[in-house]
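Thanks for coming. I will take the whole chain first, then one annotated region, then one helix.

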Amino acid sequence: MSWYKIDSLEEYFKAYRESVDQPEKFWEDIAEENFVWRKKWDKVLEYDLHEAQVKWFLNAKLNITENCIDRHLAERGEKTAILWEPNDPNEAAKQITYKELYHQVNRFANVLKSKGIGKGDRVCIYLPMIPELAYAVLACARIGAIHSVVFAGFSATALATRINDSECKMVITSDGAFRGGKTIDLKGIVDEALEQCSCVENVLVAKRINSDIELKENRDHWLQPLLDEAADSCEAETMDAEDPLFILYTSGSTGKPKGMLHTTAGYMVYSSFTFKNIFQYQEEDIYWCTADIGWITGHSYIIYGPLANGATTVMFEGVPSYPDFGRFWEVVQKHKIHQFYTAPTAIRALAKENLDFVENYDLSSLKVLGTVGEPINEEAWHWYNDHVGKKKNPIVDTWWQTETGGIMISPIPYVTPTKPTYATLPLPGIQPGLMDETGKEIIGNQAEGRLCIKFPWPSMARTIWGDHQRYKETYFTAFPGNYFTGDGALRDEVGYYRITGRVDDVIIVSGHNLGTAPIEDAINEHPAVAESAIVGFPHDIKGNALYGYVILKETGEGRDRDNLRKEINQEISDKIGPIAKLNKIQFVPGLPKTRSGKIMRRILRKIASGDTSNLGDTSTLLNPEVVEHIMTHVIKD
Ligand code: PRX
């Protein structure tokens, strides 16, 4: 048996035990057997979780693109590496072989170099789901530049914040994007963002929608002519195991977004190991993860994990509802997908539609179904199991985070018996713990608490770009010596984990992490607004939706309320992006506050959720009377 692939429950338990008893040996064997190294490590692991310091495979040298591309050329040169499915089903899909990927990435790497990008430089990638996005990511990795992919749904202000935070020298974008029936002016958004960014020297522009855009002299360049001129081989940079690979921003419960920094070797080993086991990938399989590469799921399970395994990975440009709600299933049938990985919010949206949309297609190629991003409710789990998996495909409910780099808790299909809404068991090498409010670990099954990870794993983020103190405070101080996930979880009688949701001020809307503070900051910039508080409330499709309580300034009091609501949402759209818009906005005379001035979000959450039966003791509030007022005027559906 190779450690690489776990085929039975006994093997899982054996691997798990060994990974806990001898973690260094466990990961060393996997690293040794499954990857190409320019130089092996001197030491497997060095860490101090109290100081948030972790290093894996010390002094090893490698290049991740040699593992994802070059080493496959001999045996898989003609195999499809990336199968690109466009937004419009009438446009032809593209099969990009490993050989072609090699040349594209090398050309792109040479273009980056010709524009002055080198090892350690940051490159912001703001692209739709087109092949150039994958090439750009891998080209950065080839020359040791640090990519920072920003999801192309973020606004100009959000993009500028991210570019400036990591001082990107270059932005790679396109003339625009297709998204369902719409087009999006990405280049216009970049131009607006760059008015606030002096660090950017060059912008490369891929052509996608053939729109009429302006190129700023000496800054903007069409990508294709540069690629056409570039040589199609480029020596891969030698990277240290702990050299940065990428930055990916995630929302914090406070302040600006956190640039999570992932490094090279540990991330590669863990994303590949988990890909192989969680999707039980076989050589001829076609694997499809519907995420956007702008999120960690796309980084680890569209690009790096699958390609390191020599897999065929599908990249989908479109949306589940275009041209109709059968699109996912049409693509599954067309490309004979074997593993399908999506988000609960997409499942819930599709489950609302007529069953014909799924039943009209042949889904018999499917072997494994996955979900990620938020808790999956029982109803959605069963719909997925009954109508997509026809009760024969295991569902892997995979729990993990941008910060963890790879899947942490999940069934292994055909190995771990599944249980609806449970992510089940930790993967080998992952040591979860549930902590109580006092910081003590709760031992034994049938427990509920705050989910921590007690021991380092290879793909954990190493820091927050430019702010190690914040990294330490956010993740390693609440339960000293442990990584705190920000999630609550319960452990059932057999030790299966169920993630119950965030216990901090992050709200997950349609699978997107949103911090309350940045949204409140955006609202408060509206001239008529004095103060605001955002909470989440349950929503059929989005999982959670946002409810805003807004106190107006005197100048705003006479204004038309519906217009104000529109303006406030526009403000949010401009500052963050449309994903952060509020579903409901209630204008209130005050917000319930403790005597120390802290907003009692617990009360606001209950009111927004229509659950006012047990508001707890409100008498300690500074202003208990506002609670009554807010309850009477609450916005129902
Ligand atoms: O609350 C958990 C939820 O998503 C958060 C991480 O979000 P992000 O960094 O954007 O990464 C999402 C993709 C990995 C977690 O803290 N979450 C993720 N997967 C699950 C989940 N909640 C419940 N069940 C899951 N399977």
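Two residues are in contact here if their C-beta atoms, placed from the backbone, lie within 7 Å. Take the contacts between residues at least 6 apart in sequence: 70% of them join residues at least 24 apart. Keep in mind that this is a predicted model.

Now the chain as a whole. It has 20 helices and 31 strands. Its radius of gyration is 24 Å, and the globule rule gives 26 Å for 637 residues, so the chain is as compact as a globular protein of that length. Along the principal axes, the C-alpha atoms fill a box of roughly 75 × 65 × 55 Å. Of the 637 residues, 51% count as buried.

Next, the annotation. An unreviewed UniProt entry places the feature "domain: Acetyl-coenzyme A synthetase N-terminal" at residues 12-68. That stretch is 47% helix and 25% strand, with its end C-alpha atoms 26 Å apart.

Last, helix α5, residues 98-114. With 17 residues at 1.5 Å a residue, α5 should span 24 Å, and its end C-alpha atoms are indeed 24 Å apart. Is α5 largely enclosed or exposed, going by its buried residues? Of its 17 residues, 12 are buried, so the rest of the structure largely encloses α5. Among the buried ones are Tyr98, Leu101, Tyr102 and the run from Gln104 to Leu112. What do they pack against? The partners include three helices that come with residue ranges 64-68 for α3, 131-143 for α6 and 223-229 for α9, as well as strands β4 (80-85) and β5 (94-97). Just after α5, Gly116 takes a positive phi of about 85 degrees.

Note on methods: Residues are numbered from 1 along each chain as its sequence is written. This is a predicted model: local features need pLDDT of at least 70, side-chain atom pairs count only at pLDDT 80 or more; totals for chains, interfaces and linings use all residues. Helices (H or I, at least four residues) and strands (E, at least two) are DSSP runs, numbered from the N terminus. The radius of gyration is taken over C-alpha atoms; the globule rule is 2.2 Å times the number of residues to the power 0.38. A residue is buried if 20 or more other C-beta atoms lie within 10 Å of its own, exposed if 12 or fewer, and partly exposed in between; C-beta atoms are placed from the backbone. UniProt positions are given in the numbering used here, feature names are shortened, and annotations may be inferred rather than shown by experiment. The expected span of a helix is 1.5 Å times one less than its number of residues.
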